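Open your viewer, get comfortable, and follow along one selection at a time. Each stop tells you what to select and what you will find there.

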Amino acid sequence: MSRPTIFASKFVGTISLGLLTGSSLALSSLTLPPLLSLPTLPPALASFTTLRRSTATYQTALASLAATSFLLAYTLSPRSAKHPYLLWTTSTLLASWGIGWWRQDAERELTLEEGRSSTWARARAESGEVNGEVVREEMEVWRLGQMLRGGVWAVGWGMSVVGIWGDGA
């Protein structure tokens, strides 16, 4: 395939991975701490629920775009230019999805320990009957997951920057 198409795929993947890294680390270090300090539970839970939903949509789209771009660049490259960094970078995206599944399992265990489901917790929070510590623990698990994913994405982003620079593109 043509060199500009391959370069564009690498560039789109690198930019998407950079956006993922920045958003994840900003969410875990700048956005979540103010939510943890809100004085009442219902606004904190509502904000956190909205944040999680929008973040999941945004990060899934960017991760899919980055993985597709790197795999496309690898597939379209001639045999002599099939650099393994494209596969290693894609593997960091797969590892981050694994962290997402781990985080979902940890959140599920947290709600099972409490003997409640998340929908139950949301309904009780609106009526003011939920313990704030349950929500705080859920936020902390989510924050840890975002920090881990951000770290993995940062490693992948670093590999992609060095790889694209090494290609001379």
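Before the tour starts, one term: two residues are in contact when they have heavy atoms within 4.5 Å of each other. Keep in mind, too, that this is a predicted model.

**Stop 1: the whole chain**

Show the protein chain as a cartoon. You should find 5 helices and 0 strands, and reading along the sequence gives the pattern α-α-α-α-α. The protein chain has 169 residues, of which 38% count as buried. Now switch on the surface: the accessible area comes to about 9100 Å², with 66% of it belonging to carbon and sulfur atoms. Among contacts with a separation of 6 or more, 86% join residues that are 24 or more positions apart.

**Stop 2: Leu 86 and the largest core**

Select Leu 86 and look at what surrounds it. Which residues is Leu 86 in contact with, leaving aside its neighbours within four places in sequence? They are Lys 10, Phe 70, Ala 73 and Tyr 74.

Now add Leu 17, Leu 20, Phe 70, Leu 93 and Trp 153 to your selection. Together with Leu 86, these residues have the most contacts inside the largest nonpolar core, which has 14 residues. Four helices each supply at least two residues of this core: α1, α2, α3 (84-114) and α5 (132-166). Helix α2 gives the most, with 6 residues.

There is also a second, separate core, this one of 12 residues. To find it, select Leu 32, Leu 36, Ala 44 and Phe 48, which are among its members.

**Stop 3: Ala 73**

Go back to one of the partners of Leu 86. Ala 73 lies in helix α2. Is Ala 73 buried or exposed? Its relative accessible area is 0%, so Ala 73 is buried. Not counting residues up to four places away in sequence, Ala 73 touches Ile 6, Ser 9, Lys 10 and Leu 86. Try the distance tool here: Ala 73 and Ala 8 are 65 residues apart along the chain, and their C-alpha atoms are separated by 8.4 Å.

**Stop 4: Ser 69**

Stay in helix α2 and select Ser 69. With a relative accessible area of 7%, Ser 69 is buried. A polar atom of its side chain lies 2.8 Å from the backbone oxygen of Leu 65. Leaving out residues up to four places away in sequence, Ser 69 touches Ser 9, Val 12 and Gly 13. You can also draw a C-alpha to C-alpha line from Ser 69 to Phe 7: the two are 62 residues apart in sequence and 9.9 Å apart in space.

**Stop 5: a nonpolar patch on the surface**

Select Val 12, a partner of Ser 69. Val 12 lies in helix α1, and its relative accessibility of 32% means that Val 12 counts as partly exposed. Next, add Phe 7, Phe 11, Ile 15, Leu 19, Tyr 58 and Leu 65. With Val 12, these residues form a nonpolar patch on the surface, and together they have about 590 Å² of accessible area. The elements giving two or more residues to the patch are α1 (3-36) and α2 (41-76). Which element gives the most to the patch? It is α1, with 5 residues.

**Stop 6: Ser 24**

Move along helix α1 to Ser 24. Ser 24 has a relative accessible area of 0%, so it is buried. Its side chain reaches the backbone oxygen of Gln 146 at 2.5 Å. Beyond residues up to four places away in sequence, Ser 24 touches Gln 59, Gln 146, Arg 149, Gly 150 and Trp 153. You have met Trp 153 before, in the largest nonpolar core.

**Stop 7: the salt bridge**

Side chains of opposite charge can pair when their charged atoms come close. How many salt bridges does the count come to? The count is 1. Select Glu 138 and Arg 52 to see this salt bridge, whose closest N and O atoms are 2.5 Å apart. Glu 138 sits in helix α5 and Arg 52 in helix α2, so the pair ties together parts that are 86 residues apart in sequence. Glu 138 counts as buried, at 11% relative accessibility, while Arg 52 counts as partly exposed, at 24%.

Methods. Residues numbered from 1 in each chain as written. Predicted model: local features only at pLDDT ≥ 70, side-chain atom pairs only at ≥ 80, totals over all residues. Heavy atoms only, no water. Patch = residues over 30% accessible without salt bridge, like charges linked within 9 Å, V, L, I, M, F, W, Y side chains within 5 Å. Areas by Shrake-Rupley, 256 points an atom, 1.4 Å probe, with all protein chains shown as cover. Salt bridge = Lys/Arg side-chain N within 4 Å of Asp/Glu carboxyl O. Buried < 20%, exposed > 50% of the residue type's maximum accessible area, 1.4 Å probe, protein only. Polar contact = N/O pair within 3.5 Å; in protein donor to acceptor, adjacent residues only side chain to side chain. Core = buried A, V, L, I, M, F, W, Y, C linked by side-chain atoms within 4.5 Å.
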